Amino acid sequence: MLLFCGNTANAQPAIVRAVNLIPNPGFESLNNCPSGLNGIAFSPTYTYFPTATNWVAALKNGLPDCFNSCATSTLVKVPTNNYGYSAPNSGNGYAGCYMYYATSTTDYREYLQTKLPVTLSATNYYYLTFFVKLSTYHTGGTLTAIDQLGVHFSVSQVNDSVHNTFLPLSADIVNRSGNYITDTTNWVKIEGIYTGTGGEQWLTLGHFKDTTALPSYTLLGTATGTNICYMYVDDVSIIDIDSSYIIDTLYCAPSFPYKITGTHIAGAYKWNTGATTDTLSVTDTGTYWRKTTYLNTIFWDTIRVQKLQITGGVFNSCKKIFPDSLTGTQPVGKARYKWNTGDTTATLVINDTGKYWRSTTGLPCIQYTDTFKVKLLIDKGWDTTVCVKNFPDTLYGSKIPGTYRWNNDSTKVYTVIYDTGLYWRTTFLPPCTHFTDTIRVKRLQDTGMTTNLCMDIFPVRHLLTITGEAPFNPSTYVWNTGDTTATLLITDTGKYWRITKGLPCTHYTDTVYVHMVHDTGIDTLICNKIFPDTLRPPITIGKKPRYIWNTGDTTATLVVNDTGIYTRHTTAQYCYDYIDTLHVSYTPKPNLGPDSNHCYIDSIVTLAANHTYVRYRWSNGDTTHDTRAQTTGQYILTATDQCGTEKDTINIGFKPPVPLPLARDTSLCQRPPDNRVDTLIPHVVGDSIRWYSDSLGSGSFFQPTIDYNKPGKTTVYVTQTINNCESGKIPILIDVKAYPHVTLGPDTVICKQLPLLIGARNDSFKYAWNTGDSLCCIQPQTSGLYILSATNACGTVYDSIRVNLLNCWKECLWIPDAFTPNGDGKNDKFHLIERCPLSEYYIRIFNRWGELVFLSDNINYSWDAIQMGKPVEPGTYYYMIEFLANITGATHVILKGEVLVIR
């Protein structure tokens with residue numbers, strides 16, 4: 001019975017086929033990764049397998065090849081190798097051999113051979129399949145397709161060492177005559193049914209030759225006298241069946257509609273539903289059967305379809321200590337277990353957190369998949385002390401959302417407490433995190449002192465601070481203003497208090513009352529023009545007065561050296577003070593400076609007072625600190641402040657505007673670097689000419705340097721000066737025209753397949769070619785010398801280039817067809833001549849057996865007809881050359897041909 005089980009990953013059935021009697025059917029099992037050709041050896045004792053296990057060669061001189069993607073040699077690499085390109089039919093590798101290599105005198109072939117693990121039974125039917133693909137390799141001959149490729153069964157091993165080139169046997173299963181295998185892209189399946197005669201245990205695969213007839217073939221190219229057919233071979237299979245074989249199959253369908261099929265045997269099909277297709281789409285569970293007729297043999301397949309049931313659960317498991325164990329759902333019936341760790345037990349011992357899952361199968365079409373997310377149980381929390389002044393009170397833990405439980409069994413976020421003591425709350429945060437907060441409750445003890453403070457002005461220049469008691473070291477402070485410093489800056493009267501903390505649940509609360517002092521002092525204005533001076537406020541009456549100035553002095557009088565506001569605080573009794581304020585002011589006389597004359601270009605002159613006054617009045621009506629003089633005349637400033645009013649007068653004159661100098665734009669021709677001359681710019685007339693490189697920069701009496709070697713347009717500016725007044729700036733455009741130039745570059749090679757323009761474009765030049773063209777750039781049509789002239793107002797120049805026009809795909813290399821390696825110094829090596837630059841180059845040379853005798857990626861490295869230190873035999877050798885021309889747009893070129901070694 002074949003069992004089909006649903007695969008939930010891609011909703012496709014996993015098919016359990018009948019047993020394949022071929023060991024290593026896809027050449028995937030390797031003793032060694034292939035490193036060269038002839039990897040499958042001749043082994044009469046069936047003990048030597050250098051590459052693919054269980055496969056040998058049937059002829060001593062005909063060794064097949066083993067190919068695999070693990071190979072490092074390009075000869076046997078997958079998918080590209082010595083014989084062409086082919087991906088495997090399945091897996092990572094395949095085999096290959098010459099099915100037919102014939103000349104007028106030689107008939108050479110290679111055969112694959114393996115030993116079956118059991119002997120075939122008489123009258124039993126065996127279904128054989130294998131896949132082949134024709135390679136594109138035919139170096140030195142014509143690609144040839146054959147038809148009668150097949151398999152020969154034998155009781156004993158066939159290891160013919162007499163014929164050496166072919167086996168004179170008949171095929172037991174053979175591709176039909178006339179069905180030539182010509183496909184070089186897709187794998188071709190060959191199949192058939194063999195009736196056992198009893199005792200057969202050896203299978204030999206290849207193109208067998210009947211001694212009474214020549215093989216049948218067809219040429220896929222022009223006849224050369226040598227016919228070459230090299231084929232890849234993959235996925236060889238033999239299944240034991242008989243003429244009344246009945247296969248019972250169970251499909252587990254994950255969903256409907258669902259596609260089912262019978263035994264994989266080609267033929268004519270008939271389902272019980274009437275369908276005649278290979279597969280059948282069903283929409284419900286039930287029993288179905290299919291009749292397959294192949295070569296007068298009938299196969300009956302009975303197929304039952306059931307719904308695939310997938311169940312199980314996802315479990316979060318919190319573990320505190322490892323190792324620990326996991327157990328999933330217990331299914332009905334006899335269960336088989338498979339953990340993602342590889343264990344097959346019902347219970348799994350784990351040593352770490354992570355994700356684990358177990359697949360459990362018990363009954364057909366029922367699967368349990370249990371997933372366990374194992375995490376480490378984490379228990380966190382905080383230990384805190386809470387000081388309570390009055391009971392009852394409300395107690396909270398950390399602000400973490402979750403479910404809660406207090407030690408008094410309360411499940412709220414808070415709990416009500418009635419006395420000091422130890423409390424704790426556990427917060428549960430799924431899936432595996434706990435927070436346990438421990439809270440010690442103590443009664444708060446609070447003490448402190450009260451202070452009165454007298455203030456006279458807010459704020460004062462010297463910061464006035466108050467400090468409460470600091471009984472702890474270190475201590476923390478909190479004022480009712482929010483400050484956390486030991487001292488506090490006072491800016492107003494009022495009540496202030498500070499809480500000082502140092503020991504747990506012991507506070508000191510200090511209270512300070514700030515009062516405003518009674519100010520009965522006098523404000524006085526003093527206008528003084530001489531410093532230093534002594535300030536003497538009125539004497540206040542009081543008992544033992546104490547003085548303090550805003551400068552910090554504590555004397556009754558104060559010596560000052562500048563204007564400003566000075567205050568003296570005189571204390572006579574508690575919160576009853578005298579504060580005298582003296583405003584010392586000094587106002588200098590206004591001074592506008594000497595009379596002055598100005599150029600017309602400076603048509604606005606700013607006049608400003610030399611001191612700060614309370615009020616300003618100008619003769620033009622302005623009342624600001626400064627004014628603007630725009631016309632010739634007299635200007636008067638009247639300035640007033642608290643110490644009086646003063647005046648000053650100034651006369652301002654303006655000269656007439658200076659006219660612009662005469663100047664015109666100039667055009668110049670570019671000069672070579674060795675013929676550079678700094679020439680004065682013509683057409684500039686004026687007095688005391690001043691030059692500017694831009695409209696805003698500072699000027700110079702020297703003309704700026706003009707770079708005659710650099711074409712382009714430059715603007716400079718000039719002014720003239722008359723009567724010490726400068727005119728406005730006038731621009732001059734200097735246009736240095738480019739001296740004509742043309743550069744065609746060095747002589748070059750151009751591909752005919754990749755047309756290329758020569759020349760360069762400049763719209764200010766006129767062009768003329770020796771071909772008669774007047775364009776800047778042309779496309780060469782023939783090889784030869786091309787001359788180009790470029791002309792403008794500054795002259796004419798010439799340049800030339802010699803162009804070699806080649807067929808880059810045929811003419812880039814000169815390849816000889818023969819050479820004589822006899823040591824006479826003439827034509828001793830196979831040497832290629834490079835006719836155009838190459839960026840890539842690679843050559844391989846093979847003998848007539850397809851063996852590599854020479855390879856190189858250096859065109860200067862020639863073949864001297866030596867292989868492995870010995871001279872090669874004279875005759876024809878075949879080369880394959882790949883190169884890429886070092887020309888823009890060129891593509892890879894592959895050249896194939898032959899060279900004759902003459903000795």
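Cys599 and Cys725 form a disulfide, with sulfur atoms 1.8 Å apart. A disulfide here is a pair of cysteine sulfur atoms within 2.5 Å. The model is predicted: local features need pLDDT of at least 70, side-chain atom pairs count only at pLDDT 80 or more, and totals for chains, interfaces and linings use all residues. Residues are numbered from 1 along each chain as its sequence is written, and side-chain values use heavy atoms, with hydrogens and water left out.

**Exercise 1.** Characterise the link of Cys599 and Cys725 by handedness, place in the chain and burial.

*Solution.*
- Step 1. Take the torsion. The angle about the S-S bond is -90 degrees, and the link is left-handed.
- Step 2. Place the partners. Cys599 lies in the loop between strand 52 (596-598) and strand 53 (605-608), and Cys725 in strand 64 (residues 725-726). They are 126 residues apart, so the pair links distant parts of the chain. Strands (E, at least two residues) and helices (H or I, at least four) are DSSP runs, numbered from the N terminus.
- Step 3. Check accessibility. Cys599 and Cys725 are both buried. Buried means under 20% relative accessible area, exposed over 50%, and partly exposed in between (1.4 Å probe, protein chains only).

**Exercise 2.** How many disulfides does the rule give? Describe the links of Cys669 with Cys794 and of Cys33 with Cys70.

*Solution.*
- Step 1. Count. The rule yields three disulfides.
- Step 2. Take Cys669 and Cys794. Their sulfur atoms are 2.1 Å apart. The link is left-handed, with -90 degrees about the S-S bond. Cys669 sits in strand 59 (residues 666-669), and Cys794 in the loop between strand 68 (784-792) and strand 69 (795-806), 125 residues apart. Cys669 is partly exposed at 35% relative accessible area, whereas Cys794 is buried at 13%.
- Step 3. Take Cys33 and Cys70. The S to S distance is 1.9 Å. This link is right-handed, at 115 degrees. Cys33 is in the loop between strand 2 (12-15) and strand 3 (56-57), and Cys70 in the loop between strand 4 (65-68) and strand 5 (80-81), 37 residues apart. Both ends are partly exposed: Cys33 has a relative accessible area of 33%, and Cys70 has 36%.

**Exercise 3.** Why is the sulfur of Cys97 too far for a bond?

*Solution.*
- Step 1. Find the closest cysteine sulfur. It belongs to Cys229.
- Step 2. Apply the distance. The two sulfurs are 9.0 Å apart, so they are too far for a bond.
- Step 3. Add the surroundings. Cys97 is buried, at 0% relative accessibility.

**Exercise 4.** How many salt bridges does the structure hold? Work through the pairs of Arg290, Asp437 and Asp580.

*Solution.*
- Step 1. Count. There are eight salt bridges. Each is a side-chain nitrogen of Lys or Arg within 4 Å of a carboxyl oxygen of Asp or Glu.
- Step 2. Take Arg290 and Asp278. The N to O distance is 2.8 Å. Arg290 lies in strand 22 (residues 286-294), and Asp278 in the loop between strand 20 (268-271) and strand 21 (279-282). Arg290 is buried at 0%, while Asp278 is partly exposed at 33%.
- Step 3. Take Asp437 and Arg425. Their closest N and O atoms are 3.7 Å apart. Asp437 is in strand 37 (residues 433-443) and Arg425 in strand 36 (residues 421-429), 12 residues apart. Both residues are buried.
- Step 4. Take Asp580 and Arg568. Their side chains meet at 3.5 Å, N to O. Asp580 is in strand 51 (residues 576-585) and Arg568 in strand 50 (residues 564-573), 12 residues apart. Both are buried.
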